[in-house]
Amino acid sequence: MLNRRNFLQVGAAVPLSVLAGEALVRRVSAGPVIGGKDFSPDTGKERQAIPSACWQCVTRCPNISYVEDGRLVKIEGQPKSIRTNGVMCSKGQGGVGQFSDPDRILYPMRRVGKRGEGKWKRVSWDEALGEIATRMKKLRDAGTPEKVMFHYGRMKASHSKLIKSLFLANYGTGTIGNHTSICEAAKWTAQEMTWGGHYDNWDFDHANYVLNFGSNVLESHTNHIPTSHRLIARLTEKRIRMVTFDIRLSNTAAKSSEWVPVKPGTDRAVILAMCNVVMNEDLYKGDGEAFLKFVKVSTGRKASIADKVVALKAHLTGYTPEWAEKISGVPAGKIRTIARDVATVKPACIITYRGAVSHHHGADTERAAQMLASITGNIDRPGSRCKAVGAKWKYPKGPKKKPKTRKLKILDGLPGAAKMPTHHVSHQVLKMIKDGSAGRPEIYMWYCYTPVYANGEVQENIDILKDEKLIPFSVCVDPFYDESAALADIILPDTPYTERWGWEDMVSPTQVPEYYIRQPAVKPLGECRDFADVCIDLADRMGFPLGVKNHEDFVKASCEMTSAVKAAGGFEYMKANGVYHDPKVKPRYYSYMKVLKPDAYQKPGIVMDPATGVYWNWKKAKVASEEEALKKGYTHTKKAYKAYVGQEIDGVVYSGFKPDKLNKSGYLELYSEIVEAKGLPAMPSWTPAPEHEAMKSGDLILTTFKVAAQIHSRSANCKYLTEISYDNPAWINPVTAAARGIADGDAIKVKSEFGEIETTARVTPAIVPGAVAISHHCGHWEYGRYASGKKAPSGRNEPDSDRIWWTSNGTHPNWIIGNRADPISGQLRFMDTVVTLEKAGASA
Amino acid sequence: MHDVTPTIGHDELAKSAIERSRLYGLLATVFRREPSVEFLCRLKTPELMVAFSVAGVDFGDDFGTDPFADIAEDLAIEYTRLFLGPGKHISPHESVQLKRGSGILWGSETSEVRQAYRAAGFDIGEPETKIPDHLSVELDFLSILAREEAQAWAEQDQGRTAKLLQLQHSFITRHLGKWAARFCARVKEESEFAFYPAFADLLRGFLSGEKADIVNRLSLIGANDQQAGGDHLKTINE
Ligand code: SF4
């Protein structure tokens with residue numbers, strides 16, 4: 001019988017001479033096309049491929065945007081990127097919806113009815129900017145530029161430089177709010193307390209163990225795709241172990257080797273107990289012990305390693321696994337096993353995110369994670385949590401002489417809200433405006449931000465924004481009509497990221513900086529304008545030109561000024577390639593261990609602070625003389641951290657852990673006198689949330705989370721994404737549900753002291769008892785048809801309204817979440833809200 | 001060039017093409033932006049008002065009595081609400097409105113519309129900020145084609161005349177005619193003032209007879225030159 005082998009033997013016998021001379025098919029390129037090219041399925045014509053960058057989430061992955069006949073048809077990853085390796089998430093691909101949203105705002109708008117009434121009139125840019133410039137100039141001329149409050153959500157890299165460092169700085173207002181307090185401020189503040197400049201890169205490429213507290217890195221993260229695709233590769237190819245602590249079986253937990261359910265807000269207890277195990281079982285010996293040289297765990301700076309061990313053991317003594325079990329619900333044995341693993345499988349990457357830190361004393365949870373990483377020797381080495389490396393662009397700085405900025409003291413929350421809000425308490429800005437005791441802005445302008453929807457206590461946000469007595473004039477800069485835009489006086493139509501310029505610098509997971517740019521895939525639709533360009537225009541109108549023509553010019557100049565990029569071919573190279581990294585640059589690890597040459601610290605103006613061992617430049621710190629500098633000391637000189645040079649340890653001067661925002665030493669400070677001076681625990685400690693202590697029987701804790709196909713508040717207008725993720729039922733454990741007679745799919749009411757919402761129950765063992773989890777990206781009541789389910793007017797709808805087959809657009813949990821702050825960092829405590837739950841219709 | 005001896009004079013045909021061009025132009029202007037006071041003044045000439053009246057176009061009582069400045073302000077708000085948003089509005093774009101179309105802004109239909117302009121030798125002028133399949137751009141395109149048609153009639157260039165008529169027919173068949181009537185009906189339902197419904201009626205009524213008129217005009221080329229006219233009609237019927 002003939003089989004395949006017989007056929008192949010025929011092939012083997014064929015002499016070359018019987019083959020026709022010329023092949024019909026020829027190779028035309030070096031290999032299969034794996035990215036960077038795309039073809040129209042209709043015409044077969046090659047589509048225009050424009051290297052650009054995503055801006056759906058803060059990760060800002062380089063991308064390639066494909067354009068066919070002026071139409072943005074597709075976005076995919078940039079294969080040349082060392083950060084993403086060409087991978088892109090659904091949110092990035094769904095970004096085409098930002099361009100093609102039929103509900104986009106294409107022209108400047110002025111309200112003509114009552115604020116929030118929804119009555120508008122199109123105005124020209126000239127009219128809109130004329131009015132804004134006149135009002136702003138008046139305040140500036142009166143010496144009160146601080147009465148212009150600018151509040152941004154996503155503003156990074158060249159946008160931040162142009163808008164904040166050039167425009168707002170030259171205007172003179174420092175009343176600038178951000179959104180870090182609703183994101184991960186607790187992490188950043190804790191990192192500033194411990195190892196200086198914030199951001200921890202997770203070096204999954206080299207990790208042999210991953211210990212995760214409350215990060216949903218596979219679905220969402222500030223460096224999502226660059227980290228997650230590496231983590232997946234490591235988990236699947238190297239089969240490394242990953243343990244995830246979470247109250248919920250997130251997709252990250254599900255893909256981990258082990259999910260350890262933990263009670264909300266108790267990760268810190270577990271981490272402290274792990275530290276206890278590591279110290280008491282001498283598991284710190286080796287890498288951890290060696291690293292202690294660079295760590296401060298007690299007062300002063302003369303402690304030996306042995307002293308440090310004693311101090312750590314003393315501090316941790318009460319934090320036993322048995323103690324932690326009572327608080328967290330995690331069995332003591334489990335805590336011990338994992339502590340032993342993380343201390344012995346080297347290198348281990350200890351990661352945390354909002355699930356762990358968005359709580360009362362969340363900053364201390366991050367400090368505890370720094371402690372665990374330190375004593376196991378898993379800091380800034382390959383495979384661990386590392387100091388972030390990003391591109392360092394040079395750029396035009398604008399006018400040399402800038403006015404002294406003035407600011408209203410409304411950025412750091414209500415009195416007593418937070419003791420160390422190094423990234424502000426911007427979610428309480430509206431409360432501060434209402435309070436009025438620190439003054440009120442006359443103009444409140446927000447950009448790439450939605451104060452109504454993004455913060456807690458939604459109703460109060462609406463009431464304040466609507467009140468013309470509290471906010472006389474408001475300007476919203478947004479390409480879309482969201483819940484906040486609906487309450488503005490003027491809307492300036494911004495370009496979505498698909499139509500704008502920018503250079504970018506986000507952290508590289510490879511520890512090698514990547515330079516990349518964003519260029520418009522298409523020209524701005526309608527009269528949309530990049531707000532950076534608008535700022536240049538406004539500055540001209542007010543008589544302080546910024547010295548740049550437009551954002552494109554700024555990007556071009558930056559490419560020529562940044563030596564690495566210039567050497568690669570400057571602006572033209574970047575336009576053609578989108579990304580650049582220097583292949584000769586080695587990944588940066590152990591930066592703190594760099595020994596400084598004497599000429600770096602033995603020069604005029606630099607002194608050693610005897611109390612801390614910090615070498616610092618007193619001249620740079622604007623101190624009058626060396627005597628005064630020595631007398632006052634590094635720690636007590638305002639903003640001395642900016643003049644930090646190095647850290648003396650055992651007679652050698654190291655780069656150390658360079659401070660940022662706080663005058664800490666160059667040690668990794670697990671013991672912080674700065675923190676202690678604020679009346680907070682000097683070392684990471686267990687401090688329970690007061691409202692959790694006061695919980696009554698039947699009370700639950702509400703937490704929120706993100707899903708893979710949506711970002712928090714700026715993607716629900718992208719139809720492909722909302723078609724995937726349009727609803728957000730509340731997750732509750734069967735035990736919790738049974739106690740209340742709730743079945744899967746039942747309509748339920750979730751109540752807190754701030755109000756109540758109705759949603760449906762998703763009864764699942766994939767969440768711990770005692771908690772409710774609701775994702776936050778749904779429940780829009782504006783933001784166009786896809787997000788809100790609101791269709792265009794009239795009975796007959798437009799085809800893409802009729803295609804909205806989903807019948808619910810979910811519920812926004814922020815209506816019932818308080819705008820409370822972590823008393824340390826000011827972070828909004830998204831995961832702490834105490835709620836009750838009942839079947840809808842159960843109470844009168 | 002063939003000698004054309006029409007049963008209706010060239011001048012007559014050129015004149016009616018001009019009229020069509022102007023009507024398209026007027027509609028393009030109306031849907032392009034909110035009316036200025038000057039535009040309203042020009043609109044309210046006695047001749048035009050009579051013509052509107054004869055055509056059954058009714059702007060409502062206020063139009064006759066209120067000051068232009070007030071009307072302009074009301075209509076600016078009305079235009080914004082109806083056609084711009086922000087929020088719910090009736091997007092005046094073919095790709096958003098076309099039944100069973102892509103439904104998105106700058107969809108595949110928009111590209112096709114732009115290709116139609118380009119194939120005819122046109123493109124959107126800089127710095128026009130309208131998207132190619134905006135109602136006013138489509139109307140403007142037809143206005144220009146009709147204007148050129150008028151010239152072709154006047155110059156007795158039958159090949160060009162036929163080509164321009166074919167282009168109009170094809171554009172109405174493939175684009176404007178497929179969505180304008182539905183759009184106009186929605187404008188009528190949603191308007192607060194009589195102004196836009198009046199023009200929506202005018203657009204719908206006018207457009208409904210356009211294809212037959214174009215075929216008829218093509219046949220008039222045919223009347224003078226069976227060979228040429230027959231071919232032109234054949235192209236359309238295909
Ligand atoms: S991770 Fe963020 S930046 Fe990267 S593709 Fe996804 S949404 Fe865009």
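**View 1. B:R160 is partly exposed, with a relative accessible area of 37%.** This is a predicted model. The partner of B:R160 in this view is B:E148, and the two form a salt bridge. Their closest N and O atoms are 2.8 Å apart. The pair links distant parts of the chain, twelve residues apart. B:E148 sits in helix α8 of chain B, residues 135-154. B:R160 sits in helix α9 of chain B, residues 158-190. B:E148 has 22% relative accessibility and also counts as partly exposed, because the buried class ends under 20%.

**View 2. A salt bridge joins A:R122 to B:E34.** The N to O distance is 2.6 Å. A:R122 lies in strand β5 of chain A, and B:E34 lies in the loop between α1 (10-32) and α2 (37-43) of chain B, so the pair joins two chains. Is A:R122 buried or exposed? A:R122 is buried, at 12% relative accessible area. B:E34 is buried as well, at 16%. Both residues fall in that class because their values are under 20%.

**View 3. Chain A meets chain B across about 3300 Å² of buried area.** Carbon and sulfur atoms give 54% of that area. The contact takes 40 residues from chain A. Chain B gives 42 residues. How many salt bridges are there between chain A and chain B? The count is three. One of them pairs B:R186 with A:E798. Here the closest N and O atoms are 3.2 Å apart. Polar contacts between the two chains come to 15 residue pairs, with both residues at pLDDT 80 or more.

**View 4. Several elements of chain A line the side that touches chain B.** Those giving two or more residues are α3 (96-100), β5 (120-122), α29 (784-788) and α30 (799-802). Which element of chain A gives the largest share? That element is β5(A), with three residues. Sorted by class, this side of chain A has 19 charged, 15 nonpolar and six polar residues.

**View 5. A:D537 and A:R529 form a salt bridge within chain A.** The closest N and O atoms of this pair are 3.1 Å apart. A:D537 is buried, with a relative accessible area of 17%. A:R529 is partly exposed, at 24%. The two residues fall in separate classes because the buried class covers values under 20%.

**View 6. Salt bridges link five residues of chain A in a network.** Its members are A:D38, A:R47, A:E68, A:K74 and A:E76. Over all chains, the structure holds 70 salt bridges.

**View 7. A shell of chain A residues surrounds the ligand.** Which residues lie around the ligand? The cysteines are A:C54, A:C57, A:C61 and A:C89. With them stand A:Q56, A:T59, A:R60, A:M88, A:K91, A:G92, A:H224 and A:I225. The elements that give two or more residues to this shell are α2 (90-93) and α7 (224-237) of chain A. By class, six residues of the shell are nonpolar, four are polar and two are charged. The charged ones are A:R60 and A:K91.

Notes. Residues are numbered from 1 along each chain as its sequence is written. Chains are lettered from A and ligands numbered from 1 in the order in which they are written. This is a predicted model: local features need pLDDT of at least 70, side-chain atom pairs count only at pLDDT 80 or more; totals for chains, interfaces and linings use all residues. Side-chain values use heavy atoms; hydrogens and water are left out. Contact means heavy atoms within 4.5 Å. Buried area is the accessible area (1.4 Å probe) that two parts lose on being put together, summed over both. A salt bridge is a side-chain nitrogen of Lys or Arg within 4 Å of a carboxyl oxygen of Asp or Glu. A polar contact is a pair of N or O atoms within 3.5 Å; within protein, one must be able to donate a hydrogen and the other to accept it, and residues adjacent in sequence count only if both atoms are side-chain atoms. Helices (H or I, at least four residues) and strands (E, at least two) are DSSP runs, numbered from the N terminus. Buried means under 20% relative accessible area, exposed over 50%, partly exposed in between (1.4 Å probe, protein chains only). A residue is near a molecule or strand if one of its heavy atoms lies within 4 Å of it.
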